[in-house]
Structures are given as C-alpha cells and as structure tokens.
Amino acid sequence: MERYYQPEMECASREDMKKLQDERLVKQVRHVWDNVPYYRKKMEEKGVTPDDIKSTADLHKLPFLTKDDLREAYPYGLLGTDLKNCVRIQSTSGTTGRRVVAFYTQKDVNLWEECCARAIVAVGGTNEDVCQVAYGYGLFTGGFGLHGGATKIGATAIPVSSGNTDRQVTILQDFGSTVLCCTPSYAMFIGETLKKKGVDPKTLSLKAGIFGAEPWTEEMRQQIQELLDIKAYDVYGLTEIMGPCVSYECSAQNGMHVNEDHFIIETINPDTGEVIPNGEVGELVFTCITKECCPFIRYRTRDIGVVNTEPCSCGRTFVRMSFLTSSFPSMAQTLLIP
C-alpha cells in the first residue's frame, strides 16, 4: 500500500495545485522585487514589474537567473531577507569558480526537511526505519537534507557521512540499517565491498536506497539493486534551489515527482530560452515559490530532461521529471518517460 508524508499536497488535484502555485508565485515575485535589488534590476531591464504577474501563465515574462548571476552576486547579493534571519549557510565546492552559496531561514530548513521526508516515505520509510546517511556532511547539502528528512518521519538517522567504507559495512551489519542514502557511485562501491568481503546482502536489513547528487543510468540502478539486494530510488536537487529532494522517485521508479507546492518546473530550449511543452526534451528551469532566503526565480539548471504530466500509478499528482543528461538533444530518446 502506497504511503505519503503529506497526502494533501502530494495527491492534490491539478486544479488545486495550480491555484496554490498561482498564489505563491504572485506573492514571491513581490517579495523578490521588494527585497532582492539584484533581481529587481533584471526585471526592470526586461520591463516587467510584479503587477504584470497574475498567475503561473505569466511566468515566462520574468527574466532567468543563471549560475553566472549567482557568482556575480556572491556572496550576499541574492538574499531575500536580512542575514540575521538566516540560520544556515551551505555551498558547492567552488571547484569551477566561486562557490554557489545557499542560505536558509528556519522556515526554509523545515520545508526542505519536509521534502526529504516525502522522499523517504515514498520509498517505504517509516518511523521504524534506520537511515544510514552516507552523503557528505558539512557545506555539502546532501547529508543534512536526508538526515533532516529522516528525523521528520521519526526514523533513526545515522550520520555516518561519506567514506570509510569498512565502517559503512560494519554499521550496516551492526545497526541493521534499512535505508541507505548516498551517491549512486558510492552505493555501487559499498556493494562491491560487500562482495569482496563475502558478505551476503540478504543477511542485511537494507530494503531501499535513496541515491542522488550525480547522474546515473538504469543499468547502474539494476547493478546496485543486485549488489545490495534493495530497491534503488533516484532523487534530484541543487544547492542553488534547496538541496536534495527537489524531486523524488516513488514505488513506480519511473521519474521523479517534483515538489510542486514549493517549486515550479519549466522546460526550455537551451539555445533560445523559449518555453517548450511538457513531454519534450529541454533544459529544466525552476522557480522557488516558498523560500525566504535566496528565492530564485526561473533558475536555469543546465540539466536536460523531460517533464511528464501523465498520472502515476503511485497516486501522487505531482508532475514527474526524467533522469538527466547534459547532452542536448542527442539523448532525447533515452530520456522519454513511458
């Protein structure tokens, strides 16, 4: 039987969700106009004001944000509230330039953890589970996100962080971890380590894995499932937008449900910026409609994917997004969700 963390949102009618998005977008655009001079200038340059935004149908009128904007505005230029209201700062590694920084109010943290809780419940997680969080902790968002999601549902979170694979195996065995959270490549490595050590995965309590932070393939999913004797589920997120679980897979394992009460997803032609219909391959663009700190509007992810609006067998009404690639449009056929 399918379980939901917040069924009133995850299973809301499309009409109710659109109404909620319309209301939140209008409010958010006004908030950004009043509190983020950097983005207000971009709006002025495009000749648009908050009065021009009446619903999500007007979203295309607003200017894009890009990673270059984030670097130009570094570190505080895109804050949507006073720094004194921020309770946490996280960031990317900055290996390709200036760090991309994320700021959170306590409300932002709570909403993020709720999104992660939805993902854990979607893979069968309950308050009786033990979640081994082997994503990195620190400035990286992975560890803190899934850790917070686990505690939201009352599960036991083990903040083991990444690395020290022998210790990971010991914890799997000794503490009876039931849900593993890490990157897919590290899940593969843990599985291979089990094999080398002669540990039969069927002797472990593991039942599911939540893997993200890097692209992976369906073939890799099958390998992980065999190596660890679990169901492997994908999650998607960006530091810029929130962290892990902007979207998440359900029991169908057929695309990731976007948390549409917090994020509006668009697909655009990456060359022209033109909005293209759902179901066609394009660059994914996200708008944050509930965040207080860094409330990014029309952020270009540079990730290529497909948005599917067809009903899902799990009962969730959130739209789904495909696995991702940075290649456009050569990977089009592999991205289409059946």
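G124 touches D129 and K207 in this predicted model, once residues up to four places away in sequence are set aside. The place of G124 is in the loop that runs between helix α5 and strand β3, the latter covering residues 130-133. With a relative accessible area of 31%, G124 counts as partly exposed, because that class takes in values that are neither under 20%, which would be buried, nor over 50%, which would be exposed. A partner from much further along the chain can be named as well: G124 and C250 are 126 residues apart in sequence, and their C-alpha atoms are 8.9 Å apart in space.

**The helix before G124, and a second helix**

G124 follows α5, and its phi is positive, near 105 degrees. Helix α5 itself covers residues 106-122, and its 17 residues should span 24 Å at 1.5 Å a residue, which agrees with the 24 Å between its end C-alpha atoms. Is α5 mostly covered or mostly open? It is mostly covered, since 14 of its 17 residues are buried.

Helix α6, residues 141-152, can be checked by the rule of 1.5 Å a residue: its 12 residues should span 16 Å, and the end C-alpha atoms lie 17 Å apart, which agrees. The buried residues in α6 are T141, G142, G143, G145, L146, G148, G149 and A150. An α-helix has 3.6 residues a turn, so residues three or four places apart point the same way. Just after α6 comes G154, which takes a positive phi of about 85 degrees.

**Backbone angles that deserve a second look**

Most residues other than glycine have a negative phi, and most peptide bonds are trans. Against that background, two residues that are not glycine can be picked out, each with a positive phi: Q253, at about 50 degrees, and R302, at about 70 degrees. Q253 has its place in the loop between β8 (243-249) and β9 (256-258), and its relative accessibility of 17% means that it counts as buried. R302, by contrast, is found in a strand, namely β12, which covers residues 299-305.

The peptide bond between Y74 and P75 is cis, with omega at about -5 degrees. P75 is found in the loop that connects α4 (67-72) with β1 (88-91).

The table gathers the positive phi values named so far.

| Residue | Phi |
|---|---|
| G124 | near 105 degrees |
| G154 | about 85 degrees |
| Q253 | about 50 degrees |
| R302 | about 70 degrees |

**Two buried residues and their surroundings**

Which residues are in contact with I53, leaving aside its neighbours within four places in sequence? They are L25, V26, V29, V48, D58, K61 and L62. I53 lies in the loop between α3 (37-46) and α4, and its relative accessible area is 2%, which means that it is buried. I53 and V275 are 222 residues apart in sequence, while the distance between their C-alpha atoms is 17 Å.

T165 offers another example, this time from a helix, because its place is in α7, residues 165-175. At 11% relative accessibility T165 counts as buried. When its neighbours within four places in sequence are left aside, T165 is in contact with Y186, F189, I190 and T193. T165 and R3 are 162 residues apart in sequence and 32 Å apart in space, counted from C-alpha to C-alpha.

**The chain as a whole**

The protein chain has 10 helices and 14 strands. A compact globule of 338 residues would have a radius of gyration near 20 Å, and the chain has 20 Å, which agrees. Along the principal axes, the C-alpha atoms of the chain fill a box of roughly 65 × 45 × 35 Å.

How much of the chain counts as buried? Of the 338 residues, 57% do. The chain exposes about 14,300 Å², and carbon and sulfur atoms supply 50% of that area. Among the contacts with a separation of 6 or more, 64% are made by residues 24 or more positions apart. As for the charges, the mean positions of the 36 positive and 44 negative ones are 4 Å apart.

How values were computed:
Residues numbered from 1 in each chain as written. Predicted model: local features only at pLDDT ≥ 70, side-chain atom pairs only at ≥ 80, totals over all residues. Heavy atoms only, no water. Helix = DSSP H or I, 4+ residues; strand = E, 2+ residues; numbered from the N terminus. Rg over C-alpha atoms; globule rule 2.2 N^0.38 Å. Buried < 20%, exposed > 50% of the residue type's maximum accessible area, 1.4 Å probe, protein only. Contact = heavy atoms within 4.5 Å. Areas by Shrake-Rupley, 256 points an atom, 1.4 Å probe, with all protein chains shown as cover. Lys, Arg positive; Asp, Glu negative; His and termini not counted. Charge placed at Lys NZ, Arg CZ, Asp CG, Glu CD. Expected span 1.5 Å × (residues − 1).
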